[in-house]
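Hi everyone, thanks for coming along. I'd like to walk you through one structure today, so let me put it on the screen.

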Amino acid sequence: MSRIILFAVTCLIALPCAHAFEAGAAKVEITPPLETPLNGYYDRLGRGSMAVHDPLWVRCVYISDGETSAFLLNADLCIINEELRDRVLELAPQGVSRDSVFLTATHTHSAQGAMCKGLLFRSVSGRFMPEVLEATAQRFAECMNQAYAGRKRATIGHGTTTLEDFTENRQVPDGPVDPQLGVIRVEDSDGNAIAIVSNVAAHPTTVGGVDMMSISADYPGFYYAELEAQASPGCVAMFMNGAEGNQRPANPSGLRGWAFTEHVGKTLAQKTLEVASKIKCVEAKLHVATVDSELPLSIASSLLPEKAMLKTLEIEGLLLTFFPGEPCVEIGLELRRQAKARGYADQFTVGLANGYLLYFAPRELYGNASYECAMSQYGPGIGEWFHTEFGKLMTRGEPSPSTPEVSPPAVETLGPASRIRLAGSGYEMGRQRGAAYREALQQAFRDNVVVPCDAKEWIPNTGLWPWAPPFVNQTPLALPRLAIGARPMLATLAPELMDEVAGIADGAGLPFDAVWLTQCAPILAARSNKADLYRSPFCTMFALTGDRAGADDCLVGRNFDWSKPEQPVIVEARPKGLRRFVTIGFPWTVGAFSGMNDAGVVLCVERVESQGEPSLDSPPIDLILRDVLQNAADVPAALERLMATPPSRGYHVLVAGPVGGEARVVEFGAAPAAREPADGLLLGVLPDSGAGNADAIARYTRVASLTAAERILSAEELATALRDREPGTEGQARILNDWTRHSVVFEPKARRLHVSFPGSAGDLGEAVTISLASGAER
Amino acid sequence: MSDVVRNYTGTGGSLRSGRRRRAGRGLFRKVVLPGVILVLLVFLWVTRDSYDVTECLPAGQGFSVVLSDPLNSLDRAGQSRLWEAVPAQWSQQVSAQNLAQRTGMPDWVVNNLFHDRLFLFGNDTHHFGDVVAITRMTRIGTLLERFHRIAPGIDRDFAGGLELRKVAESRVYYAVRGRLLILSPSREALIHSLTLAPGATMGEDALSDLTQSGTEDIRGAFTVSPEHPLGTYVRRVAFALRIDGESAHAKCRAELNPEWKAAYGPLFAKAHPVPLGTPPPGMVEISANFGIPVAELWPALGTVYSSEWMTREQWEVWANPSADGTLKVSQFITGLLADRGPGIRLALTGIDTNEMLPMPLLVGTFDGNVSGLPALFKAIPAPPETAMAWDSYPRYDEALGMVRVPCIGGPSMEPCAAVYGNALLASTSRNAAEQVLASAPPSGNLPQEGNLYVRVRPLALAESIVEAGRLFVAFDGLRGYSPESYETAATEWLACAGAVEEVTAMASVQGQNLDVDFRIRSMPRPKQ
């Protein structure tokens, strides 16, 4: 009996001790020797630092609720690079698990680089100095040891406030900002602050100009000094940056130089102290979670990791999410909304933590021609990916259901071609197509993008590119660079089409940028005298209208020529909430080179080189036509939509519909111009206009002669005309030639089209008739 | 039945055995001995040395090579450590044992067939399809060939009475004249060699030149046809080579193509063998003296390499002052180097793989009067007031006595110059320059005179290059290599490079000829 009593007493004594909240804090200087290159600005070109303005520190708060402990480290560094993280984790005190170590950087652009071994990061972080890496990592470990050694009974709490005019969006004028200042206060049993941690989203990039080569913690340096001067003696001030990808300190007063830096730091300190003074600390419960998550595919996969270390720390109702890079504010704000919806009182986004994977731009800004978006390399869905992955780590609420797997739709073989029926949202249709044509899409990317890069045909001949010695494979560098160059074309692309590209990428197991570059390959090729590589389509398109088309009122004939022998595909799509349509293209084409919708609107495009070179300011023409196709109810609406987002010059677009008189060819030259039918005939290129080349003139002259008879032409006769190989002509001067990939007769009024494909001998096979009339499938 | 002579000890009486002995002696005297003598005479007659090798050596061949002791040389060369520096299949080709294995003949047969000097000659310097080999067999070898020719696989080729043989399997023709064995893969070349008119043979003098004995294993000469890629540069090359256990030594004399020499006149016009200064230590060391200063050497080298930027015009562009009068970096460097020389020494002291890009660290020392250099350094104009401290303007650091040009990256990318003994030191790297400056200037010259001396330490060079390559292969930036295949290849490269301690070459221009002395020294064998 006495043993039982003794045991019970021991338990009663031990229980509170086991759950006692403990904390300790420390800071260790990490200022590097002069001549150490600084990280953050490419302009420094890796030169060494020349002065020390203020010292750099690593700061650590150790917290433990008796069951769970965490080392929260923050350093005056630009980033936590992989080499530093791994070395610190190696040096961490014995028994400390990697899950409990949180490494964050303030993102000052005036602290040591020299710690990145990878060649490409050295352009910004300077040469690799193993001794600097080792010394810095050693001090991180020393700081952890000191914080742990100084641990004592403590309590913790947090608070937030809204800062007015403290930050601004540097990417989009008047764009969103995160005004939240989050503060964590750790105090001892006497109420003295052990550490005060602030969290706000703003780039520490206030130091530059003549001080560009000076070592400094930037505004956090003034923040530390001010806060530690006013807080309890021994209090360690910490600063954790937030979703600062496109955030910077606002400067409404127009302060310059160190005055601005000081103002930002001191303001932050004052605001932090105000919040900290109101925080009620408790013995909180902690929860830490770590996961190495498979990232979305990246076109820069050779340069960036494929996995990311994601960590969360929960302090009672406060959720801290640690991003291994620089999230734009939109991503942080959405994550906070989701966290609060799942029951958290507050959420702090901590950027630049536990690794560095560059920027993370939200979907809506992915096509924005800005530095932040150019540096975002994991596709437009990276924001959603973080939300999902962090959602899995949250302990409160239920994670949102994951997207169900899509089984590839059936692909019907039509001789040399195939047909696929798609339905659903843009993403769903893309995913169906991607899954159905996975190999073909991957091959198209390799053939149309990677191969020209490997062959150096798409490698720029400016800058440092031509200086690379022949043994250097530039493709891994060229692909992300090309993707960045092609992204602004997304800016005006219809959102559902961008979703469809994303769906195709996911379905085909390709990075988004790879699919987008494949879409843009023709336009990229056309821009820089690469005509021989990607010969522009010399197509034939014409419409018969009015009496010439008989009772049909409008018939459209179309032969699509393409230099590459790719597999033709008929896509029958039912986009959610939009018009049904049929396009004929290739497995990789999201756009419409030839197509008709269920309102009978027909669209065809032809590249006309004499009208100019395509620009990179708008999406590829076929994607614009696709947007028109799935939206336009008639020809006037199609023309209006087409003119609202004018494609770049160098194309003729034929727009026709059930009413023959409305048909137009829109010539996108120096200024867009619409041409009407003449005598019931509307040719893609007028032979005597001087717009086409010799082949086009010969082809259209032949079309005009074949349709010149003063009689009514039927769809069958049009199909016969499209099979014409005029004797005495060769190559693309013929209506049906070796490059013809599909031939279509559109009957807009009947909502019907007849598609033929060339067989192995080059002659067109039997036509497949497709109906878009309501209720009809074929 | 066995051919072995048997001795029997009879059990009969002594008379009978004595009669038998007498009869035996008689038989020996009357039959065996004459037979033996006859066989010996036949052997001596058949294996007589009745042909002189000069009768089969044509004059004016595209190439003629002599191996003074082919089998022993092959054995010695095959055991050299230097073969560790080349792929294993190469070294396996080089051994007498391998030769025996490939011919399918025992060693002692091969030894008797290839007993004397081996002459190789022909005109096809591209594919050596008409090569003719001549060697003198031993008497045993000659006899063996007599027996061997009736073996299956040896076809007789009457060839108008020339009596050729064809080894069907290896498609080699051969003929025997006296004890000379003459072989060729080309029937025509063999017939030509056997039917030389008296005036078409190599004279005694030419033969003497070819066979004059040194310690070399191989000596020979090539006439280079104008169509051959080498024909642009040289007309005829004579060489001698010896490979020992731990070294190889080749001497080569190339008769320069006069047209090429004339085209590159500036480089050779004033060149004649001179004492060359000792270069700074490095993984690659070069010492050169073509008798012309740097400003002339630059375009002369540009002509050799057909470079568009190594021209006199480009030099002048660099040398011209800037429009605003500030001192350009290029102007400073060209001004500093223009009159330097003619003695120049360069060293690749390393490759800094930790720099922004893998940077070769080059240090050069240049002859010329250095007394005015300190004043010249001090006279460097200050950068414009608007220039930042890190902008690329030449700056004189009086404490270090060094001119530095801040560039991009770290000290390995910072060009600098200083006085070093009696020479100007210039380097692409401040670190490398400081290392050289910390040591005393090398005194004295290289032991051999010449115009260009190169020394390479392959292992150090290979290690640096492999390390640099790893940086590229890490992001798939090296054509043709994945990280795994690169490591496999690198291991092989380092093993090959590790077998050689150093490679040196000394070239000197002697009138119309270019002499090159080439040596390779292997790493010492590890002690057992």
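I'll start where the chains meet, go on to salt bridges and the inside of chain A, and finish with some backbone geometry. Please keep in mind that this is a predicted model.

So, the interface. Here 24 residues of chain B are in contact with 29 residues of chain A. Together the two chains bury about 2,300 Å² between them, with 59% of that on carbon and sulfur atoms. Which three residues of chain B supply the most of the area it buries against chain A? They are Trp390(B), Phe475(B) and Arg479(B), which account for 35% of it.

On the polar side, there are 14 residue pairs in polar contact between chain B and chain A, counting pairs with both residues at pLDDT 80 or more. The salt bridge count between these chains is 1. Arg430(B) forms a salt bridge with Glu35(A), with the closest N and O atoms 3.1 Å apart.

Let's stay with Arg430(B) for a moment, since that arginine also has a partner within chain B: its side chain meets the side chain of Glu414(B) in a salt bridge, at 2.8 Å from N to O. Glu414(B) is in the loop between strands S16 and S17 of chain B, while Arg430(B) belongs to helix H15 (residues 430-437), so this pair ties together parts that are 16 residues apart in sequence. Both Glu414(B) and Arg430(B) are buried.

Now for salt bridges elsewhere. Over all chains, the structure holds 57 of them. One joins Asp513(A) and Arg487(A), at 3.1 Å from N to O. Asp513(A) sits in helix H14 of chain A and Arg487(A) in the loop between H12 and H13, so parts 26 residues apart in sequence are tied together by this pair. Both of these residues are buried as well.

Over in chain B, Arg187(B) and Asp157(B) make a salt bridge with an N to O distance of 2.6 Å. This one links distant parts of the chain, helix H7 on the arginine side and strand S4 on the aspartate side, 30 residues apart. Are the two partners buried or partly exposed? Arg187(B) counts as partly exposed because its relative accessibility is 28%, while Asp157(B) counts as buried at 15%.

There is also a network of salt bridges in chain B, linking Glu285(B), Arg455(B), Arg457(B), Glu501(B), Glu502(B) and Arg521(B).

Next, the inside of chain A. Take helix H18, residues 715-722, where Ala715(A), Leu718(A), Ala721(A) and Leu722(A) are buried. Those four cover an arc of only 115 degrees around the axis, so they lie on the same side of the helix. What do the buried residues of H18(A) pack against? Their partners are strands S21, S22 and S31 together with helix H17, in chain A. The face turned away from that buried side carries the exposed residues Glu716(A) and Thr720(A).

A loop residue to look at is Ile459(A), between helices H11 and H12 of chain A. Its relative accessibility is 11%, so Ile459(A) counts as buried. Setting aside neighbours within four places in sequence, Ile459(A) is in contact with Cys453(A), Trp465(A), Gln474(A) and Ala478(A). Ala478(A) is 19 residues away in sequence, yet the C-alpha atoms of that pair are 6.7 Å apart.

A quick word on cysteines: the disulfide count is 0 over all chains. Cys554(A), for example, has as its nearest cysteine sulfur that of Cys604(A), 10 Å away. Cys554(A) is buried, with a relative accessible area of 0%.

Last, backbone geometry. As background, most residues other than glycine have a negative phi, and most peptide bonds are trans. Where does this model depart from that? Asp218(A) has a positive phi of about 65 degrees, and lies in the loop between strand S10 and helix H5 of chain A. For Asn354(A), phi is near 60 degrees; this asparagine is in the loop between strands S17 and S18 of chain A. Asp218(A) is buried at 0% relative accessible area, and Asn354(A) is buried at 1%.

In chain B, the peptide bond from Gly341(B) to Pro342(B) is cis, with omega near 0 degrees. You can find Pro342(B) in the loop between helix H13 and strand S13 of chain B.

That's my tour, and I'm happy to take questions.

Conventions
Residues numbered from 1 in each chain as written. Chains lettered and ligands numbered in written order. Predicted model: local features only at pLDDT ≥ 70, side-chain atom pairs only at ≥ 80, totals over all residues. Heavy atoms only, no water. Buried < 20%, exposed > 50% of the residue type's maximum accessible area, 1.4 Å probe, protein only. Helix = DSSP H or I, 4+ residues; strand = E, 2+ residues; numbered from the N terminus. Arc of directions from axis to C-beta. Contact = heavy atoms within 4.5 Å. Disulfide = S-S within 2.5 Å. Buried area = accessible area lost by both parts, 1.4 Å probe. Salt bridge = Lys/Arg side-chain N within 4 Å of Asp/Glu carboxyl O. Polar contact = N/O pair within 3.5 Å; in protein donor to acceptor, adjacent residues only side chain to side chain.
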